[in-house]
There are 2 protein chains.
Amino acid sequence: MLEKVDLKKTVDKETYKRESAQLGERLALLQRECKAEKIPVMIVFEGEGAAGKGVQINRLIQPLDPRGFDVYASREAGEEEKMRPFLWRYWTKTPADGRIMIYDKSWYGKVTVDRFDKITKRHELTGAFSDILSFERQLTDSGVVIIKLFLHISKEEQKKRFKRLCENRETAWRVTEDDWKRNREYDRFLLITEEMLQRTDTGNAPWTIIEATDRNYAAMKIMATVADRLQYEVSRRQLERSGNSREVPKIPQERFKNGVLSGVDLTKCLEQDEYKEKLDRLQKKLEYLHSEIYRLRIPVVIGFEGWDAGGKGGAIKRLTSHLDPRGYKVNPTSAPNDEERVHHYLWRFWNNMPKAGHIAIFDRTWYGRVMVERIEGFCSEEDWRRAYQEINEMEAHMANFGAVVIKFWLHIDKDEQERRFKERMEDPAKQWKITDEDWRNREKWDEYETAVNEMLVRTSTTYAPWTIVEGNSKYYARIKVLETVVKALEDKIEEIGSEKK
Amino acid sequence: MLEKVDLKKTVDKETYKRESAQLGERLALLQRECKAEKIPVMIVFEGEGAAGKGVQINRLIQPLDPRGFDVYASREAGEEEKMRPFLWRYWTKTPADGRIMIYDKSWYGKVTVDRFDKITKRHELTGAFSDILSFERQLTDSGVVIIKLFLHISKEEQKKRFKRLCENRETAWRVTEDDWKRNREYDRFLLITEEMLQRTDTGNAPWTIIEATDRNYAAMKIMATVADRLQYEVSRRQLERSGNSREVPKIPQERFKNGVLSGVDLTKCLEQDEYKEKLDRLQKKLEYLHSEIYRLRIPVVIGFEGWDAGGKGGAIKRLTSHLDPRGYKVNPTSAPNDEERVHHYLWRFWNNMPKAGHIAIFDRTWYGRVMVERIEGFCSEEDWRRAYQEINEMEAHMANFGAVVIKFWLHIDKDEQERRFKERMEDPAKQWKITDEDWRNREKWDEYETAVNEMLVRTSTTYAPWTIVEGNSKYYARIKVLETVVKALEDKIEEIGSEKK
């Protein structure tokens, strides 16, 4: 999840000044409206050390009326807190109706810092997560709005900031030995954070990841996120009160998306000679691994998503050409049929989940829910917002059973797509591949890009990660797909081997 | 939970014939309406062996149109099922829109029978429960109605039924060695079942316990439960479609309540001599235990509920009279004040949760949510339905932290209440204790009894059980309260002692 986030985002000073002033006015107005609507609001700031939580909280509260909010800083538990269960201090610090409570660090310490420091034991984790989920569900069920922000910086950026703080005598005391330890073991901390984000990114209290390298960019994104969410909640209540239940406003498109795709290097390519040599070697390897997974009873799920003409078909062909057809199945996904339409949207995919020892390849997948269904309005906004969690749960259920779950996004740019569309139209043998719908979808490129970016961040999990395939070069793309599958199967086989020892 | 259920309920043949015919007609009609509304329905039958699942399913389907339902019998997992994660078979067996799927045993096998047989390991349990909760939440979020029935019989009844089956050559094969084992270890099985019911009794998919000793009674209760729930779901959709969101129909009062209170023996009493002697001994013991829990840093939560004039005040007085006032606090609960009203309803109770080593006594409690607030309409029906789970979660959070949680229901009958009310009115020293509101509440006795019965069953948990105090004799009641507290504290202290060894 986090490794997919582009941390180089910035905003120029002029834009920041102008936009933040506007956002500030909006926030001030929304604060008054939330008060009038008696909406309690909780804003949670989490993030790596030195990611700038203090600075950002300070910027966020500037435009607000100080009589209407409180900031609660979760310092180390005092005597009162230590003598009670961990959620007690947060339960007692929940905001009254119409008030905003801002948390500088929060109950998430229990499953991040405390886990890192081994204060929270492994066997306590699941219980702690379930306590947190109950806590948030109880509050949102009663009408509390929970906005959770995760401020993210890289290991290098963190080190730089710690150093800078240490150089100044007035700030040096703020960097502790624990901070340095977390920087040295940044990768371990990141894994813990990722799991936390995955397990608590719910429909009722979702996370927003804030790229916090550039402070101005972060401040704008935070203000925009809070403003959009409050706007939504205020409008929803106003509409509900007016009795018109069907006209619920759209949940705001998150501004300042975590633009994963914009960071993809599409110049990567491969020459034909190298391609042929690698293809041959990888296909043979895969053939061998296929019999190994059959022997070891490992189920394998491989999902393909990507732009139209992104090269899914070609990649799947190269993936399967040397495999024993009794051991794999390709499931093409198009619009649901009559039987599928009258079931839960995941039902048809559950039906095609592979049995132990088999490979199920999906040409387009359950992610249609958060792409085409979202964009075309085939399901409600609440439906697709909820779907990230539902999909993560489905993939986790398979992974916990021992399945390998691999997901590809075949990425090309808009020019390359146009080139391929035209080529298809001109070639009689390929004309069937291109329809008016493809051209229509192309017009919605930006909307799709927004949806795909959100999807990649919310559903790239440790147990079912996304692989983004640079697809402008078909040779490069096909080899990357094969390499990824081979690597994932080898890793799983090795894992099983070492468990048996 | 289950030990509070009165298993002696019966219905006479005439009533059964008449009512079941009516209920059958209603069910047939509702099935057609669910089809028209495209509502998918899942009805789960769980229960002890020989509780009569097969018989009851058969009775339930009699009035239904066979083209609109299926029965899925969860026999042992076949080859296809074993090669996939445990929810796969149930995901693929979810009903289409407008159809009813009846499950003869279900996904709950994973956390009951399989746990009993040690197929599901201890460390897998939390994961399995969370998978089950996700599964049900995903389905109900998408509009599926889930009705979960638990058919309950006693150990003796089960033994009798097994024997009867064994006596007949045609049915003897149905009783396996596993069945006998579960009967011999009925108490262990019951604990496993209780935990399952507690952890999965959610607002979106609640359990109904069916007293299954008398088959006719069970059949009627099942039909009524299913009919009431379907009626509610059909009406809700019809109203939603008509656009009038504020007029959501009442969720049906469950018929055939698990009448815990009707089984309470109110003739129990105690003579003054014995009372004084016991009181003295228990109070001294409690004084000692109070210092022990302080030393061991055990927090103690004691909640008092009961009928007006049930004797709460007197019992609390005897409980605290020998305690060091620095180590306990009595929290009287009346209508929420301004500050409390603008917070979550549990907030004020969280604020008063004891710290480690202290006792917090609540004179009336958070259970007001599912009694007075329910009956007077101070919260919505959805609010109090959700509250059982919320309350269980709060108590679990305290108990997991190491707290002792004790809850008393002080029970008297209606005549005794009248006698005490009149006595209060006549005695100038007690007149302040009686108000018009008490007389008004008395008129709603039956409504309260329904609410209390439901509360006792849904929130009597292994970690925070209810104790029903037979209160017609004040002497008896006070001693029972003291004995219960002493016993609970001793048990906890012993538990900690044995952990340290």
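## Exercises on a predicted two-chain model

In E4(B), Phe150(B) is the bridge partner of Glu46(B). Keep in mind that this is a predicted model.

**Exercise 1.** Place that bridge in its sheet: which strands pair, and in what order do they run?

*Solution.* Start with the pair itself: strand E1 (residues 41-47) of chain B and strand E4 (residues 145-152) of chain B run parallel and share seven bridges. Next, zoom out: the open sheet has five strands in the order E2-E3-E1-E4-E5 (chain B), with parallel pairing. Now check the ends: strand E2 (69-73) and strand E5 (207-211) of chain B are the edge strands, each pairing on one side only. Finally, from one strand to the next the twist averages 20 degrees.

**Exercise 2.** Work out whether H11(B) and H20(B) are roughly parallel or roughly antiparallel.

*Solution.* Grab the geometry: the axes of helix H11 (residues 272-295) and helix H20 (residues 474-500), both of chain B, come within 9 Å and cross at roughly 30 degrees. Angles under 35 degrees count as roughly parallel, so H11(B) and H20(B) are roughly parallel to each other. As for handedness, H11(B) passes H20(B) in a left-handed crossing. The contact includes Leu282(B) and Leu286(B) from H11(B), with Leu482(B) and Val486(B) among the residues from H20(B). Sorted by class, the contact residues are 13 nonpolar, one polar and six charged.

**Exercise 3.** Find which helix of chain A gives the most to the side that touches chain B.

*Solution.* First, the totals: 40 residues from chain A and 40 residues from chain B make the contact. H6(A) gives the most to chain A's side, with eight residues. By class, that side has 14 nonpolar, 15 polar and 11 charged residues.

Key. Residues numbered from 1 in each chain as written. Chains lettered and ligands numbered in written order. Predicted model: local features only at pLDDT ≥ 70, side-chain atom pairs only at ≥ 80, totals over all residues. Contact = placed C-beta atoms within 7 Å. Helix = DSSP H or I, 4+ residues; strand = E, 2+ residues; numbered from the N terminus. Nonpolar A, V, L, I, M, F, W, Y, C, P; charged D, E, K, R; others polar. Axes fitted to C-alpha atoms, helices over the stretch in contact; angles between N-to-C directions. Parallel < 35°, antiparallel > 145°, perpendicular 65-115°, else oblique. Left-handed = near helix turned anticlockwise from the far one by under 90°. Pairing = 2+ DSSP bridges.
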